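Hi everyone, thanks for coming. I have one structure to walk through today, so let me put it up on the screen.

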Amino acid sequence: MKEFMLFIISEDNNIEKASAEEMQQHIRKVGDYIKKNVKEGRFLGAQPLEKNGVRVSGSKGNTFDGPFIETKEIILGYYHILAKDMEEAVEIAKADPRFEEEKWSIVIRPVLKVEGIN
Amino acid sequence: MTAESENINRLLDHLFRHESGKLVSVLTRIFGAENLDLAEDVVQDSIIEAFKQWTFTGIPENPAGWLYTVSKNKAVNILNREKHKRKYADEFARYSETDTATEQTLDHYFSEQHIADDQLRMIFICCHPSIPPDSQVALTLKTLCGFSIREIAKAFLTNEETINKKLVRARQKLRQNKITFEVPESNNLEKRLDTVLKTIYLLFNEGYSASTGKDLIRVELCEEAIRLAKMICEHDAIQDRSEVYALLSLMQLNTSRFSARQNDEGHILTMAEQDRSVWNKELIQAGLNNLERTIHNNNRVSVYHILAAISACHCTALSFETTDWKSILSLYDSLLQFDNSPVVLLNRAVALSKVYGAEKGISELELIKVTPSIRYYHLFYSTQAQFYIELNNFSKAADCLEKAIQLSTLPSEKILLKERLKTCAEKIVA
């Protein structure tokens with residue numbers, strides 16, 4: 001089993017335009033999907049991320065921290081999952097019920113494992 | 001779906017919509033009617049936060065409480081931050097001298113009784129006479145019923161921009177006329193309640209006159225109208241409730257027949273054709289109970305009383321033929337004093353024909369034909385056709401049906417009429 005990070009990406013418009021009923025439906029469907037995967041051990045973690053953040057950058061001993069400003073696309077949260085390979089990870093991502101709604105994207109990045117180290 | 005998630009489903013049924021209605025009401029009390037848009041924004045933000053978090057972490061044990069806490073905290077922040085910028089409801093300003101005082105005072109506002117009171121105030125505000133009637137309905141749907149602009153546009157078969165304009169104008173009126181957030185004084189209450197009931201009935205009819213399919217949104221309009229009427233019935237501030245009970249009864253009795261109105265192919269079925277076993281017995285009983293309550297409450301008769309009584313006659317009849325047409329006829333006679341529109345005249349003619357025969361029905365139609373609004377009304381001709389069919393005069397019936405088809409505007413109705421025409425044509429040949 002390999003580890004993957006799935007980043008849930010949405011455009012801000014999505015959420016603002018959704019109706020109360022649509023949001024409720026989403027909570028139920030996607031919530032059930034996440035719960036099921038957690039229960040079956042496929043998800044190691046799944047958390048929402050706050051909109052505000054800080055970006056720390058620097059080099060040669062100097063660091064600056066400034067506000068973290070997302071543009072049109074926002075990372076709303078992540079799933080940390082176990083899957084056999086990228087193909088299975090993609091299947092798991094595609095099963096997310098959010099794709100039945102307005103535009104969503106999930107970016108899948110395998111966790112880098114180095115032979116003999118991690 | 002597991003039993004657990006089914007339960008959660010039921011608990012959540014319209015949770016966001018209804019809780020947002022309560023929250024907007026309370027926050028409008030706190031911020032003042034001129035800051036209605038701020039109240040709406042705060043509630044919208046809280047729901048979005050719930051949406052983002054509950055998806056990942058699950059629904060909290062007390063979801064309404066969660067929403068209230070989050071909304072309250074946002075309100076506290078706004079009030080403390082903008083204490084000097086905006087003008088808030090005077091009574092609130094008195095209490096919020098320190099930041100902690102603000103939070104404690106707010107706790108007080110979110111009690112169940114206050115929420116009930118504020119919702120009642122909210123509906124009087126939304127239905128303020130200075131706001132045009134269709135804007136009243138839009139504002140009620142947005143603030144009290146938690147509908148989004150998109151949903152309202154869909155319900156009214158128009159676009160979002162139109163609805164948004166109505167809402168903006170309504171809020172402007174509230175601001176310009178410095179409307180205060182309160183239940184009207186007793187000398188004004190009756191008149192203001194009249195407007196509220198008219199708006200609720202307008203809302204109900206929007207949902208009831210579904211021209212296309214079992215569109216969920218339109219059924220929900222009827223449900224919301226009933227919910228709002230119930231809310232008024234249950235509040236102590238409204239003492240003279242006869243009319244409210246009548247309206248509530250009318251809506252429940254009409255809604256009971258909802259699912260029988262169409263067949264599997266989506267064609268409209270007339271009252272004569274409907275499968276009465278499908279009529280919702282619980283709603284019928286509730287409607288009849290509320291009709292009873294009108295008798296004990298007051299002696300004044302309104303349009304709603306008469307319409308409810310007519311609907312009750314239909315709902316309690318085992319079949320179209322065994323309906324108490326005599327009572328219905330006399331009820332329509334009374335209704336004419338309030339409303340002599342084409343539909344009422346035609347429905348009365350049908351009742352008349354049931355009591356005195358189709359010939360009498362036809363002569364009655366000749367009498368009312370003089371009204372211009374009737375002469376070009378497709379239902380006039382379809383009713384006329386129905387009488388001729390009962391007299392086995394199929395060629396005259398066919399003529400009428402052709403006129404009706406020409407004048408009809410709804411596709412689903414045209415289909416129905418064309419089918420009837422076909423049946424007639426077959427009988428002429430035979």
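I'll start with the sheet in chain A, move to a helix in chain B, and finish with how the chains meet. Please keep in mind that this is a predicted model.

Let's begin with chain A. Here we have an open sheet of four strands, in the order β2-β5-β1-β6, and the pairing is antiparallel. At the edges sit β2, residues 43-48, and β6, residues 104-110, each of which pairs on one side only. On average, neighbouring strands in this sheet are turned by 20 degrees against each other, if you ignore direction.

Now look inside that sheet, at β1(A) and β5(A). Strand β1 covers residues 2-11, strand β5 covers residues 73-83, and ten bridges join the two as they run antiparallel. If you'd like a spot to click on, try Ile9(A), which stands opposite Ile75(A) in β5(A).

Over to chain B, and helix α2. This helix has 17 residues and spans 23 Å from its first C-alpha to its last, close to the 24 Å expected at 1.5 Å a residue. Is α2(B) mostly covered or mostly open? Mostly covered: 16 of its 17 residues are buried. Just after α2(B) comes Gly32(B), with a positive phi of about 95 degrees.

So what does α2(B) meet in chain A? The partner is α2(A), residues 20-39, and the axes of these two helices come within 8 Å and cross at roughly 130 degrees. That crossing makes α2(A) oblique to α2(B), because an angle of this kind falls outside the ranges for roughly parallel, antiparallel or perpendicular. On the chain A side the contact uses Ala20(A), Glu21(A), Met23(A) and Gln24(A), and these meet Leu15(B), Phe16(B), Arg17(B) and Ser20(B). Sorted by class, the residues of this helix contact come out as four nonpolar, two polar and two charged.

Let's zoom out to the whole contact between the chains. Chain B gives 21 residues and chain A gives 20. On the chain B side, the elements that supply two or more residues are α1 (3-12), α2, α3 (36-57) and α9 (149-155). Which of them has the largest share? That is α3(B), with eight residues. By class, the side of chain B that touches chain A has nine nonpolar, eight polar and four charged residues.

That's my tour, and I'm happy to go back to any part of it.

Notes. Residues numbered from 1 in each chain as written. Chains lettered and ligands numbered in written order. Predicted model: local features only at pLDDT ≥ 70, side-chain atom pairs only at ≥ 80, totals over all residues. Axes fitted to C-alpha atoms, helices over the stretch in contact; angles between N-to-C directions. Parallel < 35°, antiparallel > 145°, perpendicular 65-115°, else oblique. Contact = placed C-beta atoms within 7 Å. Nonpolar A, V, L, I, M, F, W, Y, C, P; charged D, E, K, R; others polar. Pairing = 2+ DSSP bridges. Expected span 1.5 Å × (residues − 1). Buried ≥ 20, exposed ≤ 12 C-beta atoms within 10 Å, placed from the backbone.
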